[in-house]
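Here is a protein to explore together, one part at a time. Please take a look at the sequence and the model before reading on.

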Amino acid sequence: MTSRNQQLFELSQKYIPGGVNSPVRAFKSVGGTPIFFRRGQGAYVWDADDKTYIDYVGSWGPLILGHAHPEVIKAVQAAAQDGLTFGAPTEAELEIAQLLCTLVSSIEQVRLVSSGTEATMSAIRLARGYTGRNRIIKFEGCYHGHDDALLVKAGSGALTFGHPSSAGVPAGTTSSTVVLDYNDLASVEQAFSQFGDEIAAVIVEPVAGNMNLVAPKSGFLPALRELCTQHGSVLIFDEVMTGFRVGLECAQGLYRIKPDLTTLGKVIGGGMPMAAFGGRRDIMQCLAPLGPVYQAGTLSGNPVAVAAGLATLKQVQIPGFYENLAARTRQLVEGLAAAAKKHAIPFCAQAVGGMFGLYFRENLPASYAEVMECNRESFNRFFHAMLQEGIYFAPSAFEAGFVSTAHGEAEISKTLDAADRVFGTLK
Ligand code: PMP
């Protein structure tokens, strides 16, 4: 008998390219039929066939309080009652802007947008407008959304200019983007010594969460800060994923670095489409209507999204929030590593705050190349077997995972029991 998931997927492919509205949802990397979600509550989701899963994706990061948190839902309902959008300023926008500036010390001014892609795209344009320079540096394996200038893969050999990683992106658009290896400080130093005074910005995920999870080596982020300061380039921390996910002051608080600009998304929208970019006042004031850098949005600062964001940010400020989240996430990764070890599976795992990486290899990867060495086939078998057990991890070996405060002892222990059975079958 065909499942409802299968029926929906088949029909969706008729009307939606690949059946999905964002590619990773199609399960292409792991194979099989994607799950159509019907409902979420706390740490759990229910699919179209009414099977229940413990969810470690959390909509790819926003749901730090779990699904349908009562305070968030209440705030969204109240905001919706008063009108969905005005395209004009509201007091709640001021409230969230003020809050973001208070919580993140590098942010003096902030502008709200509707997606992480918009935030990074705008930050890059702003950095170029502010410096009057074109070149940007990004790192292989870091994802910053699908802006043309950032859909770049490395050329052959370090310091060559990037090639488009998508059809439809003109080579001219990516020719000013240099793609370097994450954590490879020597190549960044070389790039700056070669054309430092042409570099508008360095954009980096302070903890890389789009190539599984790669943590910054000690010294990497401070050196980026130092080089950007020396050369008058704008340091952009893309904290769309890490912002309010790894700590109350985001990754920049964790590693004690002050970027010039920060992009935020996911958690700050509490599950609604909202993101932001902000930073130094002198840079932010280059934006229209004050300055020459144009940027706009009909739904920017949408009142319902802002309400969800404010309600979420209220919860994360409760003392102990991040300590508890980090402890829970650590419990998960340590338990998974122990279960794999028991069955002699080459595997390791790590957590940073409420995000985590799982790797089918002996030791933690520090670069994109090392992530690529993970055993993809083992991951895919693990993923599907866990799914059978009712545990939903990201459907790709190259994505980070997320824990929420709705994940309690019971959910972690169910997950670890399942992992013990599954690792046992993977030999
Ligand atoms: N930057 C980072 C670090 C991200 O993880 C993502 C999305 N996963 C984006 C930017 C793009 O955000 P969005 O999907 O909201 O456009």
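The report below goes through the domains, the sheets, the ligand and a few unusual backbone spots.

## Two domains

Please keep in mind that this is a predicted model. The domain assignment splits the protein into domain 1, made of residues 4-68 and 319-425, and domain 2, covering residues 70-316. Their C-alpha centres lie 25 Å apart. Where the two meet, domain 1 contributes 26 residues to the contact and domain 2 contributes 30 residues.

Let's look at the side of domain 1 that touches domain 2. The elements giving two or more residues to this side are H11, E13, E14 and helix H12 (368-372). E14 gives the most, with four residues. Sorted by class, the residues of this side are 18 nonpolar, seven polar and one charged.

## A sheet with a helix packed on it

Some of those elements appear again in an open sheet of three strands, whose order is E13-E14-E16 with antiparallel pairing. At its edges are strand E13 (348-352) and strand E16 (401-402), each pairing on one side only. E13 runs antiparallel to strand E14 (residues 355-359), and five bridges join them. To find one of these places in the model, start from Val352: its bridge partner in E14 is Met355.

Helix H11 (residues 321-342) packs on this sheet and touches both E13 and E14. The direction of H11 makes about 175° with that of E13.

As background, strands of a sheet pair through backbone hydrogen bonds, either parallel or antiparallel.

## Pairing around strand E3

Strand E3 (residues 52-55) is a good place to see both kinds of pairing. With strand E2 (residues 44-47), E3 pairs in the antiparallel sense over three bridges. Here Val45 has Tyr53 in E3 as its bridge partner. Four residues lie between the strands of this hairpin, and Asp50 takes a positive phi near 70° there.

E3 also pairs with strand E15 (residues 391-392), this time in the parallel sense over two bridges. Ile54 stands opposite Ile391 in E15.

## Around the ligand

How many residues surround the ligand? There are 16, and the closest are Ser115, Gly116, Thr117, Gly145 and Val240. Helix H4 (residues 116-131) gives the most to this shell, with three residues. By class, the shell holds five nonpolar, nine polar and two charged residues.

## Unusual backbone spots

Most residues other than glycine have a negative phi, and most peptide bonds are trans. With that in mind, a few places in this model are worth finding.

The peptide bond from Ala288 to Pro289 is cis, with omega near 10°. You can find Pro289 in the loop between helix H9 (281-284) and helix H10 (303-316).

Ser59 is not a glycine, yet its phi is positive, near 55°. Ser59 sits in the loop between E3 and helix H2 (70-81). Asn212, also not a glycine, has a positive phi of about 65°. Asn212 belongs to the loop between strand E9 (199-204) and helix H7 (220-231).

Is Asn212 buried or exposed? Asn212 is buried, because 28 other C-beta atoms lie within 10 Å, and 20 or more are needed for that label. Ser59 has 14 other C-beta atoms within 10 Å, so Ser59 counts as partly exposed.

Terms used: Residues numbered from 1 in each chain as written. Predicted model: local features only at pLDDT ≥ 70, side-chain atom pairs only at ≥ 80, totals over all residues. Near = placed C-beta within 6 Å. Nonpolar A, V, L, I, M, F, W, Y, C, P; charged D, E, K, R; others polar. Pairing = 2+ DSSP bridges. Contact = placed C-beta atoms within 7 Å. Axes fitted to C-alpha atoms, helices over the stretch in contact; angles between N-to-C directions. Domains from an automatic or database assignment. Buried ≥ 20, exposed ≤ 12 C-beta atoms within 10 Å, placed from the backbone.
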